[in-house]
Number of protein chains: 2
Amino acid sequence: MNSTDSNSIEHPADWIAVDWGTSRMRAWAMTAAGTVLASTSSDKGMGSLAPHQFEATLLDAVGPWLRQDHRTPVVACGMVGARQGWMEAPYQAVPCAPAAELMAVPVADARLSVQLCPGLKQLSPADVMRGEETQVAGLLATRPGFDGVVCLPGTHSKWVRLQGGQVTAFQTFMTGELYALLAGQSVLSHSVGGQGWDDEAFAGAIDLALENPAAISARLFSLRAEALLADLAPATARARLSGYVIGLELAAARAYWDGQPVAIIGATTLGLHYGAALEQLGAQSDIHDGEALTLRGLHAAYQQTTGA
Amino acid sequence: MNSTDSNSIEHPADWIAVDWGTSRMRAWAMTAAGTVLASTSSDKGMGSLAPHQFEATLLDAVGPWLRQDHRTPVVACGMVGARQGWMEAPYQAVPCAPAAELMAVPVADARLSVQLCPGLKQLSPADVMRGEETQVAGLLATRPGFDGVVCLPGTHSKWVRLQGGQVTAFQTFMTGELYALLAGQSVLSHSVGGQGWDDEAFAGAIDLALENPAAISARLFSLRAEALLADLAPATARARLSGYVIGLELAAARAYWDGQPVAIIGATTLGLHYGAALEQLGAQSDIHDGEALTLRGLHAAYQQTTGA
């Protein structure tokens with residue numbers, strides 16, 4: 001067990017929040033009111049576990065927080081509920097409230113009661129999410145009347161439209177994965193190394209992508225050619241590449257952010273870049289911490305199970 | 001030496017044609033008139049050789065074709081002339097005739113006289129090619145009056161404008177590399193496996209990319225979602241993915257192919273897909289065999305060295 005953080009507590013947890021993704025599992029000992037008592041994390045992600053290994057893995061992580069005479073509720077979101085996870089929590093079809101219909105998982109240990117948050121699906125255009133719906137539920141818990149758009153930048157960025165407390169539509173973009181493949185494994189890897197950044201190059205790339213999205217496919221190889229012919233600085237090349245792929249996403253997601261308030265989930269460098277790009281395009285956005293919203297969403301789900 | 005084909009001949013070669021790329025080397029024993037007497041190939045590509053190893057590698061491959069009392073001309077194109085190759089053959093700047101200024105390489109063996117074809121460079125938009133210029137020279141040798149556009153589909157597809165026997169402009173697209181990364185290493189790899197094809201899906205994807213290039217970045221993840229939710233057939237997903245990336249290239253290359261005759265170099269499945277897409281868009285194209293044009297281009301370069 002590769003545990004981190006504080007995992008010993010004076011009082012047992014009222015309930016336990018779990019974010020169980022493909023490569024990592026994080027758990028928090030919680031009070032009924034939503035205060036964090038302790039936390040732990042491990043690299044025992046869904047991707048490395050067979051279905052029968054989840055319960056023991058969970059007990060390894062949260063055992064110290066359990067009472068002997070009582071089933072402590074555990075609410076988990078993420079890939080743990082995928083077909084290849086602990087047990088499939090079938091996607092809810094939009095329009096619907098996110099993370100609303102929890103699925104109970106049978107467990108052997110009498111100290112546990114485990115429920116999984118379902119993902120969301122959209123039939124046309126076909127799309128799925130699993131994990132992000134809990135952050136969206138957290139945002140709705142924080143801002144109950146929010147009618148607008150949520151942007152979740154990442155490996156598979158999501159744009160989510162909220163209306164009347166429901167997700168009405170969403171769209172996934174492979175922007176982060178595309179960037180990682182191009183920057184790490186393509187011929188461009190020779191030209192975009194290192195860690196620097198170039199705000200002006202990023203802004204120029206965003207503008208170009210919005211004005212002429214097709215041109216981006218012509219500009220990618222130019223990053224390599226300019227490195228060869230004109231010693232293009234790696235930080236400039238990297239910022240331009242990032243601006244091209246994020247710009248393509250923003251061009252295609254215009255119907256989401258145009259004239260709508262945007263809540264960006266992810267108080268990261270990437271979230272800040274999305275915020276800067278949206279500001280450049282005249283859209284309003286604010287940025288929210290992802291982990292805080294995951295916990296808020298899991299807390300909202302827990303409150304449903306108690307009827308609170 | 002991993003040689004193939006017939007490499008024993010009755011008469012020594014008048015000259016030797018070599019296509020020396022990053023991963024392979026191919027050589028042909030030629031008559032002065034351009035007839036192939038014998039050929040050989042090996043996996044001793046530029047990428048696996050240090051500069052001092054090229055001459056011995058060449059001798060291993062073409063030794064049987066050489067005369068003892070005479071320097072046999074060798075004309076080589078491709079990455080052998082890159083900075084990391086045998087010796088750098090500096091890029092010619094466009095506009096210029098392709099593969100026109102050969103560079104002699106000093107050799108130790110008195111039976112050899114080696115010359116390298118230079119690549120082409122364009123300063124704005126920045127671009128480079130090395131190897132394809134010889135195929136373009138071969139096309140010009142075959143069709144001396146050709147004013148039009150050459151399309152060379154591949155890992156890094158090239159579009160080349162020809163006027164008055166010169167390359168006046170060109171543009172590289174990372175289409176093949178992008179396809180390989182998405183199909184082989186992204187989340188889409190689960191959805192596009194196997195070998196089948198779907199003409200209708202390809203044509204629909206081309207149309208969509210031309211009408212709304214930005215939409216493509218939104219459609220990529222849909223391939224995965226449709227596979228999960230609607231059992232999208234892998235052959236359909238693969239043809240659509242191919243149509244998306246080729247369509248993005250064609251949208252950005254419109255100024256090249258619109259109203260111009262297009263010569264596609266590459267009588268391959270990929271070349272046929274480009275031909276079908278161009279026909280669908282109302283553009284005329286014909287397809288040429290790549291190896292034949294490489295030999296024709298090397299022959300034209302050889303003829304320059306003899307003043308023929």
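**Helix α2 of chain B and the A/B interface**

In α2(B), the buried residues (under 20% relative accessible area, 1.4 Å probe, protein chains only) are Glu132(B), Glu133(B), Thr134(B), Gln135(B), Val136(B), Ala137(B), Gly138(B), Leu139(B) and Leu140(B). That makes the helix, residues 132-142, mostly covered, with 9 of its 11 residues buried. Helices here are DSSP runs of H or I with at least four residues, strands are runs of E with at least two, and both are numbered from the N terminus. The model is predicted, so to speak for local features takes pLDDT of at least 70 and for side-chain atom pairs 80 or more, while totals for chains, interfaces and linings use all residues. Residues are numbered from 1 along each chain as written, chains are lettered from A, and side-chain values use heavy atoms, with hydrogens and water left out.

Turning to the interface, chain B and chain A each put 39 residues into the contact (heavy atoms within 4.5 Å). Together they bury about 3100 Å², 73% of it on carbon and sulfur atoms; this is accessible area (1.4 Å probe) lost on being put together, summed over both parts. Met174(B), Phe221(B) and Leu229(B) supply 21% of what chain B buries against chain A, more than any other three residues.

As for salt bridges (a side-chain nitrogen of Lys or Arg within 4 Å of a carboxyl oxygen of Asp or Glu), the rule finds 0 across this interface.

On the side of chain B that touches chain A, β8, β9, β12, α3, α5 and α6 each supply at least two residues, and α5(B) gives the most, with 10.

Technical notes:
Buried < 20%, exposed > 50% of the residue type's maximum accessible area, 1.4 Å probe, protein only. Buried area = accessible area lost by both parts, 1.4 Å probe.
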